[in-house]
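Here is a briefing on a protein model and its ligands. Keep the structure open while reading.

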Amino acid sequence: MKIENVIIIGSGPAAHTAAIYAGRSELKPLMFEGMMAGNIAAGGQLTTTTEIENFPGFPDGIGGSELMDQMRKQAIKCGARIETKTVTMIDLKSKPFKVIAEKDSVETKTIIIATGATAKRLGIVNEDKFWQKGISACAVCDGALPLFRNKVLGIIGGGDTACEEALHLTKYASKVLMFVRRDVLRASKTMQDRVLNNDKIKMIWETHVAEAMGEQFLTSLKTKHAKTSKEDKMEVSGLFYAVGHEPNTDFLDGQIEIDEAGYIMTKPGTTQTNVSGVFACGDVQDKIYRQAITAAGSGCMAATEADHYLKEDV
Ligand code: FAD
Ligand code: NAP
């Protein structure tokens, strides 16, 4: 049976960058790009958004799906083979490792995990209707869009991400309403202080957002008090979710060390997991930056480290 040098699992910027580097190192990488894995099309999270304005090299912006199509083409041109299958299981008990994708079982010397993370949604009324038409899961990505400029914007969540993104939104919004379901923030003290001392941010404590309203674009929200259930209506032109992400790690079945939030743990400054020969890159191991460019950068690291491992350790 043929043994692959490297199997890349995933299809976002991390996976494709890893494929480009592994291909150019003549490792003939095999990528399983997923078939609606985690309910996201092959290409990853960027296929769910419109314009990307912060990926270097595109001064006029580029569509998320178009950027991922270009990365895919480049990976193939550099020698990657791509299969549109979702990996359901891996077996790391002995070497070579086994990767099971639907009915295929493939043996490999190294694995690069780049399965990303999925932003949690809340399932409020009309969420699908206004998704990317006022509702977004990424304030850093979408906050600067013209439709949000000088408008009242809302953010849901009370963690570090919500605080960081609320502060980011103050650059563009006339006012930021921060909807927190409890009467305390989960975020670190420093982040709490910054948010609570910012005049542009108004805290809406103990409040759930229940419904999004508007015609073509979001214009207002129906809210519900967490204790009294009293309903209210608030005018907002944008709503950002910051209620956590779920890394796509179910298929690992406990064979790789993950942290309490489910992110793969890597040795600081590297993409090495606790299993030698298995590397992780992109959002599946990054709960802080979660950007296309940082995912791509760590994809380069993973392929380079896999190449070194194959030369030195096998
Ligand atoms: P992801 O993009 O998360 O892709 C991983 C993909 O791998 C999955 O989506 C799935 O298709 C596949 N997969 C998962 N599990 C399996 C499996 N078991 N087998 C096979 N395949 C699998 N970042 C920016 O820099 N700029 C922006 O403007 C920007 N806008 C964004 C807008 C939105 C709405 C969202 C949600 C995110 C945005 N981001 C943006 C963040 C950016 O998309 C992510 O940081 C980046 O895509 C992470 O890349 P990744 O390679 O880790 O994986
Ligand atoms: P998080 O810490 O899990 O916080 C999620 C927030 O969303 C919590 O406040 C939670 O409320 C709220 N929430 C969850 N489900 C909700 C729902 N259904 N309705 C309303 N609110 C809901 O996630 P995170 O903020 O993304 O942070 C993840 C990790 O990354 C943390 O360890 C964080 O410290 C780290 N991080 C660090 C930085 C930094 O250091 N600058 C920046 C970003 C992230 P409850 O509090 O009530 O549970």
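**Pockets, ligands and strands**

The second largest pocket has a volume of about 220 Å³. The model is predicted. The points below take that pocket first, then the two ligand sites, the cavity and the strand pairings.

**Second largest pocket**

- The lining consists of Thr17, Ile20, Tyr21, Phe55, Phe58, Leu67, Gln70, Met71, Gln74, Ala296 and Cys300.
- Three helices each supply at least two of the lining residues: helix 1 (13-24), helix 2 (64-77) and helix 7 (292-312).
- Helix 2 gives the most, with four residues.
- By class, the lining of this pocket has eight nonpolar and three polar residues. Charged residues are absent from that lining.

**Ligand 1**

- Ligand 1 is surrounded by 36 residues. The closest are Ala14, Gln45, Asn54, Asp283 and Ala292.
- Two backbone contacts reach oxygen atoms of ligand 1. For Ser11, a backbone N or O atom lies 3.2 Å from an oxygen atom of the ligand. For Ala41, the corresponding distance from a backbone N or O atom to an oxygen atom of ligand 1 is 3.3 Å.
- Gln291 uses its side chain: a polar atom there lies 3.1 Å from an oxygen atom of ligand 1.
- On its own, ligand 1 exposes 1,000 Å², and the protein buries 97% of that.
- Helix 1 and helix 7 are the elements that give two or more residues to the shell around ligand 1. Both helices also contribute to the lining of the second largest pocket.
- The shell around ligand 1 divides into 17 nonpolar, 15 polar and four charged residues.

**Ligand 2**

- The shell around ligand 2 holds 15 residues. Asp160, Thr161, Glu164, Arg182 and Arg186 come nearest.
- A polar atom in the side chain of Asp160 is 2.6 Å from an oxygen atom of ligand 2.
- Thr161 also has a side-chain N or O atom 2.6 Å from an oxygen atom of ligand 2.
- For Arg186, a side-chain N or O atom lies 2.7 Å from an oxygen atom of ligand 2.
- Ligand 2 has 910 Å² of accessible area on its own, of which the protein covers 73%.
- Helix 5 (residues 160-169) makes the largest contribution to this shell, with three residues.
- By class, the shell around ligand 2 has seven charged, four polar and four nonpolar residues.

**Cavity**

- How many cavities of 30 Å³ or more does the structure hold? There is one.
- The largest cavity encloses about 30 Å³ of space.
- Its lining is formed by Ala119, Lys120, Thr161, Tyr241, Ala242, Val243, Gly244, His245 and Arg290.
- Thr161 thus appears twice: in the cavity lining and among the residues that come nearest to ligand 2.
- The cavity lining divides into four nonpolar, three polar and two charged residues.

**Parallel sheet**

- Five strands form an open sheet with parallel pairing, in the order 10-17-11-12-13.
- Strand 10 (135-136) and strand 13 (201-204) stand at the edges, each with a single partner strand, so one side of each has no neighbour in the sheet.
- Within this sheet, strand 11 (residues 152-156) and strand 12 (residues 175-179) run parallel and are joined by five bridges.
- Leu153 stands opposite Val176 of strand 12.

**Antiparallel hairpins**

- Strands of a sheet pair through backbone hydrogen bonds, in either a parallel or an antiparallel sense. The two hairpins here use the antiparallel one.
- Strand 15 (residues 218-225) runs antiparallel to strand 16 (residues 231-235), with five bridges between them.
- Ser220 faces Glu235 of strand 16 as its opposite residue.
- Which residue in the turn between strand 15 and strand 16 has a positive phi? Ser229 does, at about 65°. Five residues lie between the two strands of this hairpin.
- Strand 6 (residues 87-91) pairs with strand 7 (residues 97-101) over four bridges, also antiparallel.
- Val99 in strand 7 is the bridge partner of Ile90.
- Five residues link strand 6 to strand 7 in a hairpin.

Notes. Residues numbered from 1 in each chain as written. Chains lettered and ligands numbered in written order. Predicted model: local features only at pLDDT ≥ 70, side-chain atom pairs only at ≥ 80, totals over all residues. Heavy atoms only, no water. 1 Å grid on protein atoms, 1.4 Å probe; cavity = no way out; pocket = protein on both sides within 12 Å on 5 of 7 lines; lining within 4 Å. Points joined across faces, edges and corners; volume = space filled by probe spheres on them. Nonpolar A, V, L, I, M, F, W, Y, C, P; charged D, E, K, R; others polar. Near = heavy atom within 4 Å. Polar contact = N/O pair within 3.5 Å; in protein donor to acceptor, adjacent residues only side chain to side chain. Areas by Shrake-Rupley, 256 points an atom, 1.4 Å probe, with all protein chains shown as cover. Pairing = 2+ DSSP bridges.
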